[in-house]
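Biologist: I would like to learn how to read a model like this one, feature by feature. Can we go through it together?
Modeller: Gladly; here it is.

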Amino acid sequence: MNRRPMIIASIVIVGAMLLLSAWAWVVLPADALVPIHWGAEGGPDGWADKTVGLLLPPAIAAAVATRIGACFAVTSVPRPRCPSSAAMKAVAACGSSPATN
């Protein structure tokens, strides 16, 4: 499996998040509060200061992408092939399963 497109997409997305955060950092005043949670009705109900509100989302996205990439790197073993239908019919005819033999 080629993981390069997934890695490139993750880097682009996190990079875009960082660029947007850098732009918002310059535009927002120093004491600005940023909404970080929205309730069921769609309105913001959680607020954080500018530092947390702008840097935490890209940091979480980078951590998740890194963790998923690490999981794929560790678990990339070839899957066993499924037994052929003829072999399965032979096992069924004997009345036993391959796990008990």
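Biologist: In which strand does V34 lie?
Modeller: V34 belongs to strand β1. Keep in mind that this is a predicted model.

Biologist: Is V34 buried or exposed?
Modeller: The cut-off for buried is under 20% relative accessible area. V34 has 12% relative accessibility, so V34 counts as buried.

Biologist: What is V34 in contact with, leaving aside its neighbours within four places in sequence?
Modeller: Start with L28. Then come G46, W47, A48, D49, K50 and G53. There is a C-alpha distance to add. V34 and T51 are 17 residues apart in sequence, and 9.0 Å separates their C-alpha atoms.

Biologist: Let us stay in that strand. Where is H37 found, and how exposed is H37?
Modeller: H37 is also a residue of strand β1, which covers residues 33-38. The class between the two cut-offs, under 20% for buried and over 50% for exposed, is partly exposed. H37 has 45% relative accessibility, so H37 counts as partly exposed.

Biologist: Which side chain joins that of H37 in a polar contact?
Modeller: The side chain of D45 does, at 2.6 Å. D45 is also on the contact list of H37, together with G43, P44 and G46; neighbours within four places in sequence are left aside there. For the backbone, take W47. The C-alpha atoms of H37 and W47 are 7.0 Å apart, with their positions 10 residues apart along the chain.

Biologist: Now the whole chain. How many helices and strands are there?
Modeller: The protein chain has three helices and two strands. Read from the N terminus, the order of elements is α-β-β-α-α.

Biologist: What share of the residues counts as buried?
Modeller: The figure is 12% of the 101 residues. The exposed area of the protein chain is about 8000 Å², and carbon and sulfur atoms supply 71% of that area.

Biologist: How do I read contact range?
Modeller: Take contacts between residues at least 6 apart in sequence. In this protein chain, 36% of them join residues at least 24 apart.

Biologist: Next, helix geometry. How far does α1 reach from its first C-alpha to its last?
Modeller: α1 reaches 35 Å. The helix has 24 residues, and the span is close to the 34 Å expected at 1.5 Å a residue.

Biologist: Which residues of α1 are buried, and what do they pack against?
Modeller: V14, S21 and A24 are the buried residues of α1. They pack against α2, residues 50-74.

Biologist: Take S21. Why does S21 count as buried?
Modeller: Its relative accessible area is 11%, so S21 is buried. Now look at its partners. S21 touches L54 and P58, not counting residues up to four places away in sequence. A polar atom of the S21 side chain lies 2.6 Å from the backbone oxygen of L54.

Biologist: What about G15?
Modeller: G15 lies in helix α1 as well. G15 counts as partly exposed because its relative accessibility is 25%. The C-alpha atoms of G15 and P58 are separated by 8.2 Å, at 43 residues apart along the chain.

Biologist: And I13, is that residue buried or exposed?
Modeller: I13 sits in helix α1, residues 4-27. At 51% relative accessibility I13 counts as exposed, because the cut-off is over 50%. C-alpha to C-alpha, I13 and A61 are 8.5 Å apart in space, while they are 48 residues apart in sequence.

Biologist: Last feature, the surface. Which residues form the nonpolar patch?
Modeller: The patch is formed by L20, W23, W25, V26, V27 and L55. Together they have about 660 Å² of accessible area. The largest share of the patch, five residues, comes from α1.

Biologist: Where is L20, and is L20 buried or exposed?
Modeller: L20 has its place in helix α1. Its relative accessibility is 55%, so L20 counts as exposed.

Biologist: Let me put α1 together. S21 is buried, whereas L20 is exposed.
Modeller: Yes. The buried residues of α1 pack against α2, and α1 also gives the nonpolar surface patch five residues.

Conventions:
Residues numbered from 1 in each chain as written. Predicted model: local features only at pLDDT ≥ 70, side-chain atom pairs only at ≥ 80, totals over all residues. Heavy atoms only, no water. Helix = DSSP H or I, 4+ residues; strand = E, 2+ residues; numbered from the N terminus. Buried < 20%, exposed > 50% of the residue type's maximum accessible area, 1.4 Å probe, protein only. Patch = residues over 30% accessible without salt bridge, like charges linked within 9 Å, V, L, I, M, F, W, Y side chains within 5 Å. Areas by Shrake-Rupley, 256 points an atom, 1.4 Å probe, with all protein chains shown as cover. Salt bridge = Lys/Arg side-chain N within 4 Å of Asp/Glu carboxyl O. Expected span 1.5 Å × (residues − 1). Contact = heavy atoms within 4.5 Å. Polar contact = N/O pair within 3.5 Å; in protein donor to acceptor, adjacent residues only side chain to side chain.
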